[in-house]
Amino acid sequence: MNTFKWSSSRVLLVGFCGLVGVLLMGPTLIVVPLSFTSEKSFRFPPEGWSTQWYENFFTDPNWYESALLSVRVGLAVAVLATVLGTAAAVALSTGRGAWRGPANGFMLAPMIVPGVITAVGIYYVFLNFGLTQGFWGFVLAHTVLALPFVVVAVSASLNGLDKALVTAAWSLGANRWAAFRQITLPLIAPGILTGALFAFLTSFDEAIVSLFLSGPFARTLPIQIFQSVTADIDPTIAAASTMLLATTGFFMVVLGVITVSRNRR
Amino acid sequence: MSVSVTATDESPDAQTARGRPSIVRRLSRRPTTLLIWLPLLLLAVCFAYPLLQMFRLSFTDFVGSTSGVFGNYLWFLGTDTQMTILRRTFAVAGWVTLMCLILGFPYAYLMTIVGPRMRLLMVGVVLLPFWSNLVVRTFAWVILLRDSGPVQSLLHAIGIDDLRLLGNTVGVTIGATQVLLPFLILPLYAALSGIDRSLLTAAHSLGARPAVAFVKVYLPLAVPGILAGTSIVFILTLGFYFTPALLGSPRNSLVAQQIVTQVSELLAFGRGSAIAFVVLIITFVVLGLVGLVTRRYRRSFETGLDL
């Protein structure tokens, strides 16, 4: 590992990258001070401070019900996508034969197809199934989009797994399920947890499919924010945005801790 | 830790069904492979089937006077306003890709040469926005770029008064660049970190000035990573809805807005699907070209041919 050496061009590079770093993080964080403004405007910087927009968020059913829906959908997606994605990853890693390549490609396809295209298709089919504007419609659609992240995370764990440990368990008389539960599962648990967190975040942040599936009776938090931005000037949007960012930030820290502790081991 | 078993990778009951099995037999030989069917079923019903339905609708569902099997495609490709939208989308995607490369390449490069602690910080700065909500990030730009917003006051202070930033493609380009920057940096960093930096040292020791060594040795090796990162940004911009919807205006909409308008406002599923499939085909063409170029490029490196 060569150590970092300073030179005049390096100073320039670091300065430029500092600005890029500010550009990456800075603009989004403007919603935080704005959410504590005392007036009903997006004036920045705010003239005075208050928490009224948070009060508004928790008393206006439009806001808290959309937040509640987002959390419920996110949790259901985390469970469903993690179970299905782990199953797929295990099958892909233990299976043999030519079907694995296409199956793996198919599993990852929702990542590649532009979201707006998937959204139109899902909207049309779910209209026929009567799944729009409802909990399960959101859950199924988001699970499709979250599945690739779980498959990737768990597959990475399984690839790092020493297969001899599983074979050893078999040779010591463990049946397949016991070997999976007692040997494989604990070893790939960090990968599964990572996948579950990614699945929750994918669902919680998803917007384009939700835009089509949302309606007066059910909309997720990102859609509530989007429609409020186009409708009126109300700093409650900033308060909702701040809480959304805080949730994401919290999960990112958890993911970071998992990754760092796994690398230490 | 070592386990001494006669470790074949075969499972306990793999020996039971030998011979020339059918697909079903081959899959059922290992019960674990049966696990693939449930996720595959979900993707088939909620992903593949919807896309197939769209494909069908693009040839069968017509509004107004359009008809004929290719009616919707001919309508899209033959209507001036639609082609203007497509051209505008390409222009914006091109600008966003270029801006992302200019901003992202130095950042990804610096990530490969700093120490592990600094790198962790730099990764965090990229990952946080990467996983932050798209709508929220765009909303922040609405506030920043407003006529009475901070960016305009800043421009006013340095004497620029007549530059509108919201409701046109300038705003969309600025916002999309910032939103998509992580999508360029992450794959580019992954590619750059695989480049052997001792080649640069070798070039120096052979008398090349640092700048020359960088351009002649490092940049050619970085091309596959640059192609990967820029193609992702380009494709993502083509399918972008929320950023142009909030920062642009209906008068200069992009193609994703057009899809949404056709489907959810005009209920013209056939037209919307036709546009969507044109975008999808463009996406695959871009991905295919990048893959082809990258493979050629790599191979020419391996065989030592002159480019």
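User: In chain B, which helix has the highest confidence and which the lowest?

Analyst: This is a predicted model, and confidence in chain B varies from helix to helix. Helix H1 (residues 23-29) of chain B has the lowest confidence, at a mean of 49. The highest, at 94, belongs to helix H4 (residues 80-113) of chain B.

User: What is the average pLDDT of chain B, and where does pLDDT stay under 50?

Analyst: Chain B averages a pLDDT of 84, and 88% of the residues score at least 70. One stretch of chain B stays under 50, and for this stretch the model has 24 contacts beyond four places in sequence. The average is thus given as 84, and the stretch under 50 is residues 1-20 of chain B.

User: How many helices and how many strands does the secondary structure of chain B have?

Analyst: Read from the N terminus on, each element of chain B is α. The secondary structure comes to 13 helices and 0 strands.

User: Among contacts in chain B between residues at least 6 apart in sequence, what percentage join residues at least 24 apart?

Analyst: Chain B has 307 residues, of which 49% count as buried. Among its contacts between residues at least 6 apart in sequence, the share that joins residues at least 24 apart is 66%.

User: How many residues of each chain are in contact, and what area do chain A and chain B bury between them?

Analyst: The interface involves 84 residues of chain A and 85 residues of chain B. Carbon and sulfur atoms carry 83% of the buried area. By class, the side of chain A that touches chain B has 64 nonpolar, 14 polar and 6 charged residues. The area buried between the two chains is about 7,600 Å².

User: How many salt bridges and how many residue pairs in polar contact are there between chain A and chain B?

Analyst: Between chain A and chain B the salt-bridge count is 0. For polar contacts, both residues of a pair are at pLDDT 80 or more. On that basis, the number of residue pairs in polar contact across the interface is 5.

User: Where does A:Gln133 lie, and is it buried or partly exposed?

Analyst: A:Gln133 has a phi near 55 degrees, a positive value in a residue other than glycine. Most residues other than glycine have a negative phi. A:Gln133 lies in the loop between helix H6 (115-129) and helix H7 (135-159) of chain A. Because its relative accessibility is 29%, A:Gln133 counts as partly exposed.

User: In which loop of chain B is B:Leu267 found?

Analyst: B:Leu267 also has a positive phi, near 50 degrees, and is a residue other than glycine. Its loop lies between helix H12 (255-265) and helix H13 (269-302) of chain B.

Technical notes. Residues numbered from 1 in each chain as written. Chains lettered and ligands numbered in written order. Predicted model: local features only at pLDDT ≥ 70, side-chain atom pairs only at ≥ 80, totals over all residues. Heavy atoms only, no water. Contact = heavy atoms within 4.5 Å. Buried area = accessible area lost by both parts, 1.4 Å probe. Salt bridge = Lys/Arg side-chain N within 4 Å of Asp/Glu carboxyl O. Polar contact = N/O pair within 3.5 Å; in protein donor to acceptor, adjacent residues only side chain to side chain. Nonpolar A, V, L, I, M, F, W, Y, C, P; charged D, E, K, R; others polar. Helix = DSSP H or I, 4+ residues; strand = E, 2+ residues; numbered from the N terminus. Buried < 20%, exposed > 50% of the residue type's maximum accessible area, 1.4 Å probe, protein only. pLDDT = per-residue confidence, 0-100.
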